[in-house]
Every structure is written in structure tokens, then in C-alpha cells.
Amino acid sequence: MGLIEQAAKRLEELKRAGIEVPVAEPAPAEAQARGAARGGSAAAAPSAGDGAGLFRSPAAASEAVAEAPARRSKLVEIDLQRLAANGYVTPTAPRSRLADEMRVIKRPLISNAQGKSAAPIDAANLVMVTSALPGEGKTFMAINLAISMAMELDTTVLLVDADVARPAIPERLGIDAGRGLLDLLTRKDIDVADVLLRTSIERLSVLPAGTPHSRATELLASEAMSRLVEEMASRYPDRILVFDAPPLISSTESRVLATHMGQIVLVVEADRTPQASVKQALATVEQCPVVMTVLNKTERSGSGSYYGYYGAYGQ
Ligand SMILES: Nc1ncnc2c1ncn2[C@@H]1O[C@H](COP(=O)(O)OP(=O)(O)OP(=O)(O)O)[C@@H](O)[C@H]1O
Ligand SMILES: [Mg+2]
């Protein structure tokens with residue numbers, strides 16, 4: 001019997017004997033691996049993990065420990081140099097024009113998510129990045145926003161690849177994805193914690209789109225998806241969920257998803273998206289409490305990143 005099995009068996013025995021075992025998370029070996037992966041010291045305090053034990057009541061904790069070896073979310077390494085070379089914000093290069101622009105965009109979103117808005121916003125920790133048309137920069141924005149948010153010490157982020165028919169996040173981050181959202185929607189035997197990927201970027205986890213499915217778009221608009229989003233919102237109330245969603249015009253699933261969101265970032269590609277399309281897209285999400293438009297790829301003097309004017313509606 002391996003060490004893990006022995007530990008699990010022992011915990012099971014203790015549980016049967018009515019003894020509560022506190023959750024030690026992450027396990028020391030794993031904490032060390034995480035510290036090393038992040039270039040930090042193994043002694044650094046680990047952030048809250050994504051294991052199934054998270055947010056559980058003490059009564060359920062011993063059960064969670066027994067489950068933990070199987071349930072613990074996988075850790076993936078993100079190559080920060082590659083990410084930076086592809087024009088993304090990284091924690092190792094916190095000062096750049098793009099990083100500054102992301103700071104401006106994320107600030108109100110975080111503030112709302114943390115309940116600091118003038119009036120409370122329902123599901124403010126659910127942030128969807130979308131656009132009127134394809135190719136306007138949603139995935140670029142969602143990744144940058146998620147990383148930039150995770151760079152805040154008190155903000156934990158889950159980046160959800162909700163563009164399930166054409167997922168792009170794993171390739172952009174250079175990670176192997178495997179199971180994800182679609183598997184959660186089609187299988188009862190797996191849990192969010194089983195398919196979440198913890199990343200080597202502190203406080204950033206990714207929920208991939210999952211195993212390709214012929215009815216992916218219908219699943220995204222399904223009742224099961226509504227339930228899953230609600231479950232994730234309440235299970236992870238202290239983290240911000242950033243959804244990379246399909247475009248709003250020409251597909252309905254993004255609009256259905258939008259109905260669950262507290263905040264929406266509408267990416268508009270400068271000098272390309274017709275004003276009528278922007279208006280049409282805005283009309284489809286008008287029920288959302290906060291809709292922020294971000295003008296992407298604006299031509300400005302010099303080179304570098306592109307985010308221009310942004311405006312917030314509804315708050
Ligand atoms: N501000 C930006 N600076 C540099 N490159 C950008 C920027 N915005 C988008 N891009 C690039 O433009 C291309 C299209 O962007 P992206 O894939 O993010 O769009 P999308 O809206 O997610 O597209 P789709 O609708 O196909 O999912 C990508 O190669 C991306 O890296
Ligand atoms: Mg995309």
C-alpha cells in the first residue's frame with residue numbers, strides 16, 4: 001500500500017472513530033513543489049488551494065481530507081517568458097503600458113466584486129468578457145485581466161474558458177487542458193475541483209472548456225450550465241471568476257451566460273466594429289448590472305499595447 005493510500009485508510013479509521021482531523025492544505029510535498037514552481041521559497045504561505053476541502057465546514061473537513069488525494073486539482077506550469085513574448089501581462093513584468101491599462105480596467109471590476117460599490121451588485125464576482133463579433137480580442141483581454149487581477153495580493157481568480165466550441169486559453173497559456181466545463185456539464189461523477197487547473201501564477205486557476213462535444217454550444221446555454229455557474233459563484237464567493245465567452249451577435253449561448261453575470265466587459269475592436277453592432281450587443285446584455293466597454297487595438301502614438309477609452313454603464 002502506498003503512502004497516500006495508507007494515509008487515506010488511517011483517516012478513514014479516525015473518522016469512523018469519531019475523531020476530527022484538521023485540513024492541512026496543501027500537503028507539505030505539494031506546497032514545496034508549488035513554492036519551487038513559483039520561484040518562491042517553500043516556506044512561503046500557500047494560497048488557498050482548489051481542493052475539494054475548500055470552503056467546507058469543519059464537519060466535512062475530515063471527509064475532504066480522505067478524498068483529497070483523488071480530488072486535489074492539478075498544478076500546471078505557465079511559461080511566463082513565452083507569455084510575455086506573446087504580449088501578455090505577467091507577474092514578473094508588472095510595469096508596462098498594457099499592465100497599466102489593465103490596472104485601470106480591473107480596478108472597478110475588483111472593487112465591485114469585493115462589495116465596495118455604492119449599491120450591492122448580485123454575482124459581482126462573475127465577470128464575463130465578450131464582444132459583439134468574433135476576433136475583437138476577448139481571449140486576449142480575459143487572460144490579461146485574469147493575470148492582472150491575480151497579481152493583486154487579495155484577489156484570487158478563476159479563468160473559465162467558456163468559449164467551448166473554440167477554446168483558445170490552453171494554447172495561449174501553453175498548458176495541457178484535458179477535462180473541464182463540458183465534462184462537468186455531461187458527467188455527474190466529476191467535481192469542479194477535479195478539473196480545475198491550479199497554475200504556477202499565484203492565485204490564478206483555470207477551468208478549461210473540456211472534452212470537445214458535438215453539442216457544446218447547446219450545453220453552454222443549458223439549464224445544467226446555469227446551475228453550474230450558480231454553484232461556482234456560491235462555492236467560490238471570495239474569488240473572481242473571469243469567463244472568456246463567445247461573441248454576443250450571431251450566437252445565443254453568450255447571451256444566456258450573460259444573464260448570470262454581475263459584470264460584463266464588452267471588448268470593441270477600434271475602427272472595425274460597426275457602431276450598430278456595438279449597440280446591438282449592448283442591448284443583449286442590458287439586464288446585467290455592470291457593463292464596461294473597452295476599446296481594443298486603438299491606434300496611438302508609438303507602439304505597444306492598445307487599450308483605449310473605456311466606459312462603464314449601470315453603476
Ligand atoms: N490589445 C491587443 N494587443 C495585441 N494583440 C491583440 C490585442 N487584442 C487582440 N490581439 C490579438 O488579436 C488576435 C485576436 O484576439 P483574440 O483571439 O483575443 O480575439 P477573440 O475575440 O477572443 O476571438 P474569437 O472570437 O475568435 O474568440 C489574437 O492573435 C490576439 O493575440
Ligand atoms: Mg477567443
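Below, two colleagues talk through a predicted model, from its ligand shell to a strand, a helix and two loops.

Colleague: Let's start with ligand 1: how many residues surround ligand 1, and which element gives the largest share of that shell?
Modeller: Happy to begin there! The shell holds 14 residues, and Gly135, Lys138, Phe140, Arg172 and Asn296 are the closest. Among the elements, the largest share is three residues, and it comes from helix 6 (residues 138-150).

Colleague: By class, how many residues of the shell around ligand 1 are charged?
Modeller: The shell has four nonpolar and four polar residues. Arg counts as charged, and Arg172 is among the closest residues to the ligand. The charged residues in the shell number six.

Colleague: Which residue places a polar side-chain atom 2.5 Å from an oxygen atom of ligand 1?
Modeller: Let's go through the polar contacts. The side chain of Thr139 has an N or O atom 2.9 Å from a ligand oxygen, while Phe140 uses a polar backbone atom, at 2.8 Å. The side chain with a polar atom 2.5 Å from a ligand oxygen belongs to Arg172.

Colleague: And what percentage of the accessible area of ligand 1 does the protein cover?
Modeller: On its own, ligand 1 has 630 Å² of accessible area. Of that area, the protein covers 75%.

Colleague: Now strand 2 (residues 126-131): how many of its residues are buried?
Modeller: In a regular strand the side chains alternate between the two faces of the sheet, so it helps to take each face in turn. On one side of strand 2, Leu126, Met128 and Thr130 are buried, and on the other side so are Val127, Val129 and Ser131. Both faces are therefore covered, and the number of buried residues is six of six.

Colleague: Which strands pair with strand 2, and in what sense?
Modeller: Strand 6 (residues 239-244) pairs with strand 2 over four bridges, with Val129 bridged to Asp244. Strand 7 (residues 263-269) is joined to strand 2 by five bridges, and there Thr130 has Leu266 as its partner. The partners are strand 6, which is parallel, and strand 7, also parallel.

Colleague: Turning to helix 11 (residues 223-235), what span should its 13 residues have?
Modeller: The estimate uses 1.5 Å a residue, multiplied by one less than the number of residues. The end C-alpha atoms of helix 11 are 18 Å apart, which agrees with the expected span of 18 Å.

Colleague: Is Glu223 buried or exposed?
Modeller: Glu223 lies in helix 11, where Met225, Ser226, Leu228, Val229, Met232, Ala233 and Arg235 are buried. The relative accessible area of Glu223 is 55%, and the cut-off for the exposed class is over 50%. Glu223 is therefore exposed.

Colleague: How far apart in space are the C-alpha atoms of Glu223 and Val256?
Modeller: Along the sequence, these residues are 33 positions apart. In space, the C-alpha to C-alpha distance is 9.8 Å.

Colleague: One last point: which loop holds Ser250, and what is its phi?
Modeller: A good one to end on! Ala123, in the loop between helix 5 (97-113) and strand 2, has a positive phi near 50 degrees without being a glycine, and is partly exposed at 29%. Ser250 is exposed, at 69% relative accessibility. Ser250 sits in the loop between strand 6 and helix 12 (253-258), and its phi is about 75 degrees.

How values were computed:
Residues are numbered from 1 along each chain as its sequence is written. Chains are lettered from A and ligands numbered from 1 in the order in which they are written. This is a predicted model: local features need pLDDT of at least 70, side-chain atom pairs count only at pLDDT 80 or more; totals for chains, interfaces and linings use all residues. Side-chain values use heavy atoms; hydrogens and water are left out. Helices (H or I, at least four residues) and strands (E, at least two) are DSSP runs, numbered from the N terminus. Buried means under 20% relative accessible area, exposed over 50%, partly exposed in between (1.4 Å probe, protein chains only). A residue is near a molecule or strand if one of its heavy atoms lies within 4 Å of it. A polar contact is a pair of N or O atoms within 3.5 Å; within protein, one must be able to donate a hydrogen and the other to accept it, and residues adjacent in sequence count only if both atoms are side-chain atoms. Accessible areas come from the Shrake-Rupley method with a 1.4 Å probe; for residues, only the protein chains shown count as cover. Two strands pair if DSSP finds at least two bridges between them.
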